[in-house]
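Reader: I have a structure open and do not know how to read it. Where should I begin?

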Amino acid sequence: MRRRSGKQVFIVLGVGTLVILLASVFLGRYPRPYWMPPRLLLEDELARRLVFSLRVPRLLTALLLGMTLSATGAVLQMVFRNPLVEPGFMGVTQGAAFGAALSILWLGKHPLVIELSATLFGLIGLFGSYFLSRRLRFGGWVLRLVLSGVAVSALFSAGVGILKYVADPLTQLPEITFWLLGGLWGVTWQNFWYVLPFALAGLLTMFLMRWRVNLLSLKDETAFSLGASTNRERMVLLFASVTATAALTSISGIIGWVGLIVPHIARRLVGASADTSIPVAMLLGGIFTMLSDDIARSLLAGEIPLGILTSAIGALLFMYLMISMGIKVRA
Amino acid sequence: MDHKAIAAKDVSFAYHEGGIRVLRDVSLDIPAQKITAILGPNGTGKTTLLHLMLGLLKPGSGEVLIFGKHHGAYSRREMSQIMGLVPQFESIPFNFTVLEYILLGRSPYLKPFQSPGKEDLQIAEEALTSMGIVGLAGKPVSELSGGERQLVHLARVLAQRTKILLLDEPTAHLDLENQNRILNLLVELTERGITIVLTTHDPNVAVYAAENFVLVNEGRIYVEGGLDTVITPENLSTMYNVPIHVENADGHTMVVMDKNG
């Protein structure tokens, strides 16, 4: 396996993130498809408003979303010793979706209320999957966790189905449906500011504890003998990462596959140690999601839901990685 | 230094409340700076005993003392600087390099948000050197052979720089050469003041390296003490349920199965 030095990869990705962030400001369909000449920012009032009140918060949210989903995926994979988990497979995303839909319907549409409700149900989803898998009496750990996650997710998506059924078909239903497809078209500065603290807290926790994540990927008795308070440290990491993921899901809807595929690519690039693979996953995830969102809002006259794009690209990459043996699982 | 590194007094333990007691009224002393071998057939509670010493499991009744004090008297961090463990089936689910893995042994000395630094790297490299596996440093753990793996696990616990090493079946996957190398190294470690507790189901491994022996059978201490008291044909034959001879050849004690019964 080839491994590049972590520092090199980090610099390339860091610069890449900034370049893509800046370039994406000028990507879009105004005044004509694909590229807006930068001088318009000085000349055109509409362009200025478009860029600063729509595109910039949207881009920053895409960046946060990608970083959070990928880092959370990496942390879940290592902490659960299971390379096949991601927030979407662990009941987190579907739980958050249920919480958000519930909120749109009954609890109130204030972004903060939606966010908190999404977070609460995201956490319920994660712990539900986890405890269910501990009670299964067959199959390996990898299989049990994936099965439990699938079952819990299915339960929540059935819940979302019921909510859709009872929703007002003229006002609430379209809102829930579009939101579920996953996308960032409605993102405002207000949305961004509300998720920023949750996202930053989660990202910072994962970044600071990244080396400990290696420790937590070992068997419990080994981690214990090395001084880790395994349960407490796992809880801190899971709580921080899932809170961040659920908060972002409350504005983005369901964005799948990023959290599964990006950590695998990161480990391929710089090796398995979370010390380097988590920061690299964060940057790669940010880039992946920003680029996907660029395509989502620019490619066609109508917007393509981001969730559909990431699923398509992610699933294709996953197939490629499986075939090329980049993913090894002992079930 | 206290001559007893670990002491267990009347320890009983069951994995489930009211369940079968895996260990019953176990009392034993682990002398400091010696190798103690815990011997016994498979499934007699050897690993459970190690986990109780480590503090991972808490005795249902009785007490375990480390250098005269309860586990509670030490913080998690202090404890991990005193005692290290190599489990029998150490699985490494992600493909770290050998060096990255060995650096995990430095965790007891790092702050919560700290990654290993230059000094830790140096200690990890020393551990590689003393195991004679410097060449493996950059290799992914998935590419190691069974024997190399065991050497790497030991290097990880050496990097932890603890006074006590708990080794669960340290020679189980090794060929004779590697077995020899590891046992000699363990003897050398005791000369540097380290206390070693190892479990094994192979009496010859115990006899080769250990000075103190504990025979465990069906959750009880059958007998403990020095070579002459413990390693006798009567004790071993009863324990393993097969006729066993203890022979003396060139000053080495050897345990052999009796073919003729």
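Author: Begin with burial: a residue counts as buried if 20 or more other C-beta atoms lie within 10 Å of its own. By that count, 52% of the 331 residues of chain A are buried. Keep in mind that this is a predicted model.

Reader: What percentage of the residues of chain B count as buried?

Author: For chain B, 42% of its 261 residues count as buried.

Reader: Which secondary structure elements make up each chain?

Author: Chain A has 14 helices and 2 strands. Chain B has 9 helices and 12 strands.

Reader: How do I judge whether chain B is compact?

Author: Compare its radius of gyration with the value that a rule for globules gives for that length. Chain B has a radius of gyration of 19 Å, close to the 18 Å given for 261 residues, so chain B is as compact as a globular protein of that length. Its C-alpha atoms fill a box of roughly 55 × 40 × 35 Å along the principal axes.

Reader: What radius of gyration does chain A have?

Author: Chain A has 20 Å, which agrees with the value near 20 Å for a compact globule of 331 residues. The C-alpha trace of chain A spans about 65 × 50 × 35 Å along its principal axes.

Reader: What can sequence separation tell me about contacts?

Author: It shows how far along the chain the partners in a contact lie. In chain A, among contacts between residues at least 6 apart in sequence, 76% join residues at least 24 apart. In chain B, residues 24 or more positions apart account for 65% of the contacts with a separation of 6 or more.

Reader: How should I read a single helix, such as H13(A)?

Author: Take its length and then its surroundings. Helix H13 of chain A, residues 274–298, reaches 35 Å from its first C-alpha to its last, close to the 36 Å expected at 1.5 Å a residue. Of its 25 residues, 20 are buried, so H13(A) is largely enclosed by the rest of the structure.

Reader: What about the nonpolar core?

Author: In soluble globular proteins, nonpolar side chains tend to be buried together. Here the largest nonpolar core has 164 residues, and Ile102(B), Ala155(B) and Leu166(B) have the most contacts inside it. Helix H3 of chain A, residues 45–79, gives the most to this core, with 13 residues. Leaving out residues up to four places away in sequence, the residues that Leu166(B) touches include Leu50(B), Met83(B) and Val197(B).

Reader: Is Ala206(B) buried or exposed?

Author: Ala206(B) is buried, with 27 other C-beta atoms within 10 Å. Ala206(B) lies in helix H7 of chain B, residues 203–209. Beyond its neighbours within four places in sequence, Ala206(B) is in contact with Ala37(B), Leu39(B), Thr200(B) and Phe213(B).

Reader: How do strands E11(B) and E12(B) pair?

Author: Strand E11 of chain B, residues 244–249, and strand E12 of chain B, residues 252–257, pair in the antiparallel sense over 6 bridges. His245(B) stands opposite Val256(B) in E12(B). The hairpin has 2 residues between the strands, and Asp250(B) takes a positive phi near 50 degrees.

Reader: How many residues does each chain bring to the contact between chain A and chain B?

Author: Chain A brings 23 residues and chain B brings 26. On the side of chain A, helices H9 (210–216) and H10 (220–225) each supply at least two residues. H10(A) gives the largest share, 4 residues. By class, that side has 11 nonpolar, 8 polar and 4 charged residues.

Terms used: Residues are numbered from 1 along each chain as its sequence is written. Chains are lettered from A and ligands numbered from 1 in the order in which they are written. This is a predicted model: local features need pLDDT of at least 70, side-chain atom pairs count only at pLDDT 80 or more; totals for chains, interfaces and linings use all residues. Two residues are in contact if their C-beta atoms, placed from the backbone, lie within 7 Å. Ala, Val, Leu, Ile, Met, Phe, Trp, Tyr, Cys and Pro count as nonpolar, Asp, Glu, Lys and Arg as charged, and the others, Gly among them, as polar. The radius of gyration is taken over C-alpha atoms; the globule rule is 2.2 Å times the number of residues to the power 0.38. A residue is buried if 20 or more other C-beta atoms lie within 10 Å of its own, exposed if 12 or fewer, and partly exposed in between; C-beta atoms are placed from the backbone. The expected span of a helix is 1.5 Å times one less than its number of residues. A nonpolar core is a set of buried Ala, Val, Leu, Ile, Met, Phe, Trp, Tyr and Cys residues joined through C-beta atoms within 7 Å. Two strands pair if DSSP finds at least two bridges between them.
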